[in-house]
Amino acid sequence: MKLLAIESSCDETAAAVFEEGHLKSNIIASQDVHISYGGVVPELASRAHIAKISAIVRKALHEAQLDVKQIDAVAATAGPGLAGSLIVGLTFAKGIAMAHRIPFIGINHIEGHIFSACIENKDLQPPFLALVVSGGHSMIVLVKDIGDYNILGTTIDDAAGEAYDKVAKVIGLPYPGGPNIDKIAQKGNPEFHKFPVATIKDKPYCFSFSGLKTAVLYKYRSMSESEQVEHQKDIAASFQKAVIDAIHPKITAAMDEFHIKKLVMVGGVARNSSLRKTMANLATENGFQLYVPSGIYCTDNAAMIGQVALLRLQRNEQSTLDLSPSPNLTIN
Ligand code: KG4
Ligand code: ZN
């Protein structure tokens with residue numbers, strides 16, 4: 001089976017090729033058109049996808065040393081994501097499927113993140129616990145099987161990555177904020193300021209990051225310009241500590257409740273160096289095996305879409321060519 005997968009749900013145009021279950025190429029083009037706006041501008045994102053998608057798919061095929069005529073099936077992200085961006089990848093994939101009379105399958109982006117943990121760990125199989133922390137989603141999921149999920153908790157407001165991006169903007173760091181906060185926080189003092197960690201009554205697995213973002217805004221505004229410069233890294237480190245302190249007890253509780261001994265951490269924020277260390281320690285303390293993909297498979301990529309497509313195609317699933325993009329698609 002030679003599979004081509006496309007991801008275009010937000011601001012990365014990506015394509016990947018699998019051959020006999022092995023990843024042969026994984027091409028990702030990030031859109032820098034958004035940097036000057038400090039966040040993703042949907043209309044610019046869809047236009048950039050249109051401009052890049054053909055070259056990215058060609059590059060992925062070239063690197064896999066395959067011609068499009070040799071491809072047996074094509075997959076693309078169907079949702080959740082930006083409607084205009086999803087349409088581009090989905091339509092491109094459908095066009096290939098139609099022209100070459102091969103199966104097409106639409107894939108859920110969150111499911112893609114969850115199963116990104118399998119790209120480098122072929123033996124990893126459900127059931128497992130998943131912490132999904134990306135720019136658009138924060139959730140703890142009990143993954144019983146592919147397509148069989150129990151969402152234990154989600155964010156009730158901002159996603160973890162969204163909080164990173166917004167806080168970065170407040171303290172004068174460029175978009176995307178996550179990697180920049182990660183970098184400077186390593187030199188900062190996490191005890192500089194105690195930011196609030198939200199707990200939500202009756203929802204032990206749910207997150208809330210919006211109050212934390214506002215607390216950083218007020219603290220930063222209360223500082224003089226010279227203090228802001230001097231303590232930028234300390235604010236970053238203190239904010240990051242609060243994010244990790246919010247995640248830590250929820251994952252501990254999930255590990256206590258579900259003794260399935262396997263935990264995956266996925267999504268863009270799973271690239272965070274401090275969070276990776278904390279989760280590694282937490283998993284060891286609780287006798288869990290932790291699976292965190294390499295950074296390149298944490299942020300948006302098409303390999304994760306292909307990974308889910310392979311699992312679903314093996315089950316003889318495919319989509320019809322009238323599949324519409326679903327901007328608000330969830331799992332379950
Ligand atoms: O999974 P992803 O590529 O896109 C969504 O599906 O949303 O995640 C992007 C998010 C952004 O908010 C970005 O700031 C964050 O992941 N991110 C990080 C790091 N690298 C990317 N957050 C914290 N630390 C990082 N090293
Ligand atoms: Zn994503």
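## The main nonpolar core

In this predicted model, the largest nonpolar core (buried Ala, Val, Leu, Ile, Met, Phe, Trp, Tyr and Cys residues joined through side-chain atoms within 4.5 Å, where buried is under 20% relative accessible area with a 1.4 Å probe, protein chains only) has 48 residues. Leu129, Leu131, Phe209, Phe239, Ile247 and Ile251 have the most contacts inside it. At least two core residues each come from a set of helices and strands (DSSP runs, H or I of at least four residues and E of at least two, numbered from the N terminus), including S6 (128–133), H4 (160–170) and S9 (262–266). H7 gives the largest share, twelve residues.

Ile251 touches (heavy atoms within 4.5 Å) Leu131, Ile140, Leu263, Met279 and Leu282, leaving aside residues up to four places away in sequence. Another core, of 37 residues, lies apart from the main one; Ala5, Phe115, Cys118 and Leu313 are among its members.

## Around ligand 1

Ligand 1 has 19 residues around it (a heavy atom within 4 Å), with Gly135, Gly136, Asp165, Asp182 and Asp300 the closest. For polar contacts (N or O pairs within 3.5 Å), a side-chain atom of His109 sits 3.2 Å from a ligand oxygen, and a backbone atom of Gly161 is 3.1 Å from an oxygen of ligand 1. A polar side-chain atom of Asn272 lies 3.0 Å from a ligand nitrogen. Alone, ligand 1 exposes 550 Å² (Shrake-Rupley, 1.4 Å probe), and the protein buries 90% of that.

## Ground rules

Residues are numbered from 1 along each chain as its sequence is written, with chains lettered from A and ligands numbered from 1 in the order written. Local features need pLDDT of at least 70 and side-chain atom pairs 80 or more, while totals for chains, interfaces and linings use all residues, and side-chain values use heavy atoms, without hydrogens or water.

Conventions: Buried < 20%, exposed > 50% of the residue type's maximum accessible area, 1.4 Å probe, protein only. Polar contact = N/O pair within 3.5 Å; in protein donor to acceptor, adjacent residues only side chain to side chain.
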